[in-house]
Amino acid sequence: MKSGGKMYDFFENLRHQTILSFVPFQQEHLLYAVTAKEQEKVIGTGVIGRNPYHPYCDEIFIFVENAHRRKGVGTSLLKRLEKYSSQTLKCSVYSDEDVAVSFLQKNGFKRRRQCFEYDTSLALLCLSPKVDIVSCGSAIPAILLEQLYIDYSKNHEQVSPMSNLITKQDWYDVFLKDVTTHYCYYTLDTSAYVIAEQVDEKTIAICYIGGTLSKPDMLDFIETVLYTYQQTFDVLFVEIDSTDMRALLLQQFVGYSTQPSYDAYLKNTKNKV
């Protein structure tokens with residue numbers, strides 16, 4: 001890690017370890033670190049990194065000690081980080097973090113995506129089976145894997161595109177490693193699918209949803225899958241991305257979240273080291 005053009009022992013400081021807990025990729029993918037000091041005490045830290053699966057945005061994380069906020073420290077750290085990026089900058093924050101949101105907007109970032117999380121009691125949902133569905137059993141059919149890859153790539157292309165260096169098999173190995181195939185379902189003609197993970201005995205989580213069905217038919221498919229889950233589980237967990245039109249249909253069953261969303265902000269930059 002570098003700061004001011006020299007190596008900096010970034011990981012020994014506990015406060016900096018805290019900021020790393022929010023970085024969505026491994027430490028070896030961090031590109032650069034900068035610090036702000038007052039009388040030799042570190043009062044702020046900024047890091048920039050690159051997710052190998054979505055490498056066309058440089059992701060930044062900035063932390064400033066409470067006593068030194070609203071004094072330009074964060075802006076200074078951001079400007080220093082921008083010098084080490086030739087790509088779009090991305091920063092993700094929760095929607096109720098008013099100071100962070102204001103900081104990003106003031107510095108030219110625009111919100112491009114919202115992510116909503118739900119924990120819903122399945123018993124409260126009024127559901128009935130609408131269509132015939134098939135369990136993936138022990139393995140997800142190849143035709144569904146292909147459609148899933150296409151849908152995932154399309155949903156992310158406007159915010160954080162997929163790497164063209166990652167093979168499909170690599171992607172499957174990483175993004176599907178925790179799914180429970182027995183609770184993954186699809187239509188008889190494989191035109192729609194739900195990929196899920198059993199979290200525990202009481203909880204099922206929907207990981208991906210997609211396909212080529214029309215909206216009314218997709219709603220019938222979703223209701224049938226949820227009804228099936230209702231027979232086994234108590235709680236449904238879903239994470240809904242605002243760029244994913246199919247996943248947004250889940251809101252018609254689980255309602256609209258009153259919890260803070262996790263939002264992605266982007267800023268274009270053409271700076272180079």
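**Figure 1. Thr75, a buried residue in helix 2.** With a relative accessible area of 16%, Thr75 counts as buried, because the cut-off for that label is under 20%. This is a predicted model, so keep that in mind for every view here. Thr75 is found in helix 2, which covers residues 73-82. Looking past its neighbours within four places in sequence, you'll find Thr75 in contact with Phe103, Lys106 and Asn107.

**Figure 2. Helix 2 and what surrounds it.** Zoom out from Thr75 and the rest of helix 2 comes into view. Seven of the ten residues of helix 2 are buried, so the helix is largely enclosed by the rest of the structure. Besides Thr75, the buried set includes Val73, Gly74, Leu77, Leu78, Leu81 and Glu82. What do the buried residues of helix 2 pack against? Their partners are strand 3 (30-38), strand 4 (41-51), strand 5 (54-64), strand 6 (88-94), helix 3 (98-106) and strand 13 (262-267).

**Figure 3. An open sheet of eleven strands.** Follow the sheet across and the strand order reads 3-4-5-6-13-7-12-11-10-9-8, with mixed pairing. Strand 3 and strand 8 (133-135) sit at the edges with a single partner strand each, so one side of each has no neighbour in the sheet. On average, neighbouring strands are turned by 25° against each other, direction ignored. Helix 2 packs on this sheet, where it touches strand 3, strand 4, strand 5, strand 6 and strand 13. The direction of helix 2 makes about 150° with that of strand 5.

**Figure 4. Strand 12 between strand 7 and strand 11.** In the sheet order, strand 12 comes between strand 7 and strand 11. How does strand 12 pair with each of them, parallel or antiparallel? With strand 7 the pairing is antiparallel, over seven bridges, while with strand 11 it is parallel, over four bridges. On the strand 7 side, Thr120 has Leu236 of strand 12 as its bridge partner. On the strand 11 side, Ala205 stands opposite Phe237 in strand 12, and Ile206 has Val238 of strand 12 as its bridge partner.

**Figure 5. The largest nonpolar core.** This core has 30 residues. Those that touch the most other members are Ile204, Ile206, Ile222, Leu226, Tyr229, Leu236 and Val238. Strand 7 (110-121), strand 10 (192-198), strand 11 (203-211), helix 6 (215-230), strand 12 (235-241) and helix 8 (251-254) each put in at least two residues. Which element gives the most to this core? That's helix 6, with seven residues. As general background, nonpolar side chains in soluble globular proteins tend to be buried together.

**Figure 6. A closer look at Ile222.** Ile222 is one of the core residues that touch the most other members. Setting aside residues up to four places away in sequence, Ile222 touches Ile209, Arg246, Leu249, Leu250 and Phe253.

**Figure 7. A buried salt bridge, Asp241 with Arg113.** The structure holds six salt bridges, and one of them joins the side chains of Asp241 and Arg113 at 3.6 Å, N to O. Asp241 lies in strand 12 and Arg113 in strand 7, so this pair ties together parts that are 128 residues apart in sequence. Are these two buried or exposed? Both Asp241 and Arg113 are buried.

**Figure 8. A salt bridge between helices, Glu146 with Lys168.** Here the closest N and O atoms are 2.8 Å apart. Glu146 is in helix 4 (residues 142-156) and Lys168 is in helix 5 (residues 168-175), so the pair links distant parts of the chain, 22 residues apart. Glu146 is partly exposed, at 31% relative accessible area, and Lys168 also counts as partly exposed, at 34%.

**Figure 9. A salt bridge between Lys177 and Asp178.** The side chains of Lys177 and Asp178 meet at 3.2 Å, N to O. Lys177 counts as exposed at 58% relative accessibility, whereas Asp178, at 44%, is partly exposed.

**Figure 10. Confidence along the chain.** The protein chain averages a pLDDT of 86, and 88% of the residues score at least 70. Where does pLDDT stay under 50? Look at residues 1-22, for which the model has 47 contacts beyond four places in sequence.

Conventions:
Residues are numbered from 1 along each chain as its sequence is written. This is a predicted model: local features need pLDDT of at least 70, side-chain atom pairs count only at pLDDT 80 or more; totals for chains, interfaces and linings use all residues. Side-chain values use heavy atoms; hydrogens and water are left out. Buried means under 20% relative accessible area, exposed over 50%, partly exposed in between (1.4 Å probe, protein chains only). Contact means heavy atoms within 4.5 Å. A nonpolar core is a set of buried Ala, Val, Leu, Ile, Met, Phe, Trp, Tyr and Cys residues joined through side-chain atoms within 4.5 Å. A salt bridge is a side-chain nitrogen of Lys or Arg within 4 Å of a carboxyl oxygen of Asp or Glu. Two strands pair if DSSP finds at least two bridges between them. Axes are lines fitted to C-alpha atoms, for helices over the stretch in contact, and angles run from 0 to 180 degrees between N-to-C directions. pLDDT is the predictor's confidence in each residue, from 0 to 100.
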